Amino acid sequence: MHPIKTVFAVAALGLAATPAMAGATFDAVKAKGFVQCGVNLGLHGFSAPDDRGNWSGLDVDLCRAVAAAMFGDSTKVKYTPLSAQQRLPALQSGEIDVLARNTTWTLSRDSANGLNFAAVNFYDGQGFMVPTKLNVKSAKELDGATICVLPGTTTEQNLADYFRATKMTFKPVVIEKNEELTSAFLAGRCDAISSDGSQLAAIRANETPNPADFMILPERISKEPLSPAVRHGDDQWLDLVKWSLWAMMAAEEKGIGQQNVETFLTSNDPDVKRLLGVTEGNGKALGVDEKWAFTIIKQIGNYGESFDRNVGKGSKLKLERGLNALWTNGGLMYAPPLK
Amino acid sequence: MRNDEQPSATADVEEPSAAVYPPPGEAGPMRLMGWARRRLFNTPTNVALTLLCLWFLWETVPPLLAWALFNAQWTGTPATCREATGACWALVGEKHRLMLFGLYPYDEHWRPLIATLLLLGMLGVSSQRRFWRRGLALAWVAAVAVMAVLMWGGVLGLRPVDTTLWGGLPLTLLLALAGIAVAFPLSIVLALGRRSDLPVVRAVCVGYIELIRGVPLVSVLFMASVMFPLFMPEGVTVDKLLRAQIGIILFTAAYLAEAVRGGLQAIPRGQYEAADAMGLGYWQKTVLIVLPQALRIVIPPMVNQFISTFKDTSLVTIVGLFDLLTSVKASLADPEWRPFFIEAYVFAALIYWCFCFLMSRYSQRLEEDLMAGTRR
């Protein structure tokens, strides 16, 4: 074919294919052969490139799980690093298929912004960290304190709201960059630092000369349920994302991990048989291979393993499970029955 | 500096007496003493200022050198860096590949490396006026083709690499140089259009320039990257890098156009009239008479804009491209190394400074060369 004609033909094909794809992210993803996943520009433990430029983190594992369920191969993911301003439009415009970028599930995002949140993969909440020598045991004792905080995000707003609600006063020290904020706090420019609990734990574990000199106060002044999101209009795709995550939680509940998943194929537990696809039905319902959950566990591991590796004991962040423990251990992670 | 080289310009300096000037052939230290007495300690105010400056240097330079060089950790782990009192350059050693090449596949880093070296080599050759021949243009075409093949891959057994994975210094250079190279001719067209006698052409050019100059680069990039896809049908995407690149080009062109217009207006009327009198048409007049003189005049503001564009490319972080600065930031996501953020930013600053300084020095040399004909 003449080169110019080819160009027109390809362009026409692209335009003609568009209406079919609209509202059918699932089919589009299947057709192109990979999941386009929106991630953070670099937030350690959630989504960040390592020294070799490979992505890892809790959110990245979610993307890989969806790819494993869809294609039986967790490497079929392409990552789009997104700034905070860009993340919602990127999903709305179809540039990405799923947004896994430590995004808080709120009413307005879920409705007016045209997103559907799948399921919470990390419960976070804003808190305070203080030097132990201040002898402060509760956020209620912070009246009149100088507090280091990042500007512009909801963090600053939550802080002001909390102090107004508790009729206390505080002096904010607002610093634009995370690193500088931390070093200002460590240099003693403020009595306390306020940020998401996971961030505070990371600072305490890695950036303080001696972690025992600092303590994180028990109060949480905001709810930050972080969840992967998809855009309105394709329920089948939403189902796949949400059950990929829940399969990882269900696996942890049953004690099925990356190492021992094969031994469970011969299990007599009907729940395990359904989860691993020995008893068929779940895969067909979701529109993927019956081995979808088996593949996720085999290639990524269960939720607990992913948590430990990325943000928990086996990582540099050393976070406690806390709210992110399974419901059977006093946490909030609860997968509906997979049947 | 200049005053020392050009005796005619030193008329305002006191005529040195024989006592102040050491006899010719005197040893170096004496000359220096004499110079210091004349320039640094000649009045009470100058003595005070000199002492103040010396004190300031004494207070700042040794601690800075101690931090940056003598007490610095050149290799090691975050733990050894924490012990040290100096800078932790081990961070750069550990993370330099992520900083320099961003998300480009690790095993293929040699490709952007060669492409960057080739680009710098071509720039070096092109800066020499004796190579300004037709062959150079052909060499550029070949070099750009080689660089494109290296970066994209997909042929000659090279693994294809998506533009979304391009990053680090090569991306910064690409955005800046392609931005400058395309914006430059565009800006000349805009500047000529703005001075055109045709009302429609003039209105379009004025509208364009004023519209783009009226908004910050961040919003141009944001429109290109975030709003533009919302207007496109779902599933149709234009390469993100291309969108950002076009944004930078459009923005730079508007600013450059105003610099060029300044040059056009500085050409005396007589030059235009002389060209008309010789019977030259519009294009002959513009290309042969006006532009060579106008562009020469506006080298300083143009280079100003080039340097500004080079640094402005760091704004593409807002659209999620991993340019040099974003890559450096990403390398700081690692919480163990994050306390040493100053070293990382100093590293990035040094790279930016090298390029900007070279541009600035080269433009000065070029300006002197081109002005040689008009020096009186």
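Q: How far apart do the C-alpha centres of domain 1 of chain A and domain 2 of chain A lie?
A: This is a predicted model, and its chain A is divided into domain 1 (3-123 + 226-329) and domain 2 (126-222). Seven residues from domain 1 of chain A and five residues from domain 2 of chain A make up the contact. Taken centre to centre over C-alpha atoms, the two domains of chain A are separated by 32 Å.

Q: By class, which residues form the side of domain 1 of chain A that touches domain 2 of chain A?
A: Domain 1 of chain A brings seven residues to this contact. Sorted by class, they are three nonpolar, two polar and two charged.

Q: Which strands are the edge strands of the five-strand open sheet in chain A?
A: Let's walk across the sheet: the strand order is 10-9-11-8-12, with mixed pairing. From one strand to the next, the twist averages 30°. An edge strand pairs on one side only, and that description fits strand 10 (170-174) and strand 12 (214-216) of chain A.

Q: Which residue in strand 11 of chain A stands opposite A:Met129?
A: Strand 8 (residues 126-131) and strand 11 (residues 192-196) of chain A run antiparallel and are joined by four bridges. Opposite A:Met129, in strand 11 of chain A, you will find A:Ile193.

Q: At about what angle does helix 7 of chain A run to strand 9 of chain A?
A: Helix 7 (residues 178-186) of chain A lies across strand 9 (145-149), strand 10 and strand 11 of chain A. Relative to strand 9 of chain A, helix 7 of chain A runs at about 155°.

Q: Which residues does A:Val66 touch, not counting residues up to four places away in sequence?
A: A:Val66 belongs to the largest nonpolar core, which has 172 residues, and is listed with A:Cys63, A:Val98, A:Leu240 and A:Ile296 as touching the most other members. The largest share of this core, 13 residues, comes from helix 11 (residues 240-266) of chain B. Leaving out residues up to four places away in sequence, A:Val66 touches A:Val35, A:Val98, A:Leu240, A:Val241 and A:Ser244.

Q: Is A:Glu290 buried, exposed or partly exposed?
A: A:Glu290 sits in the loop between helix 11 (282-286) and helix 12 (292-299) of chain A. Apart from residues up to four places away in sequence, A:Glu290 touches A:Gly277, A:Glu280 and A:Gly283. A residue is buried with 20 or more other C-beta atoms within 10 Å and exposed with 12 or fewer. A:Glu290 has 16 C-beta neighbours inside 10 Å, so it counts as partly exposed.

Q: Which helices of chain B each supply at least two residues of the side that touches chain A?
A: Across this interface, 35 residues of chain B are in contact with 33 residues of chain A. The chain B side divides into 19 nonpolar, eight polar and eight charged residues. The helices that each supply at least two residues are helix 5 (90-101), helix 10 (217-231) and helix 15 (324-331) of chain B.

Q: Why is helix 5 of chain B described as largely enclosed by the rest of the structure?
A: The cover over its buried residues includes strand 2 (48-49) of chain A, together with helix 4 (78-83), helix 6 (110-126), helix 8 (168-194), helix 15 and helix 16 (341-371) of chain B. Among the buried residues of helix 5 of chain B are B:Leu91, B:Glu94, B:Lys95 and B:Phe101. Helix 5 of chain B is largely enclosed because the buried residues number nine of the twelve.

Definitions and conventions: Residues numbered from 1 in each chain as written. Chains lettered and ligands numbered in written order. Predicted model: local features only at pLDDT ≥ 70, side-chain atom pairs only at ≥ 80, totals over all residues. Contact = placed C-beta atoms within 7 Å. Nonpolar A, V, L, I, M, F, W, Y, C, P; charged D, E, K, R; others polar. Pairing = 2+ DSSP bridges. Axes fitted to C-alpha atoms, helices over the stretch in contact; angles between N-to-C directions. Core = buried A, V, L, I, M, F, W, Y, C linked by C-beta atoms within 7 Å. Domains from an automatic or database assignment.
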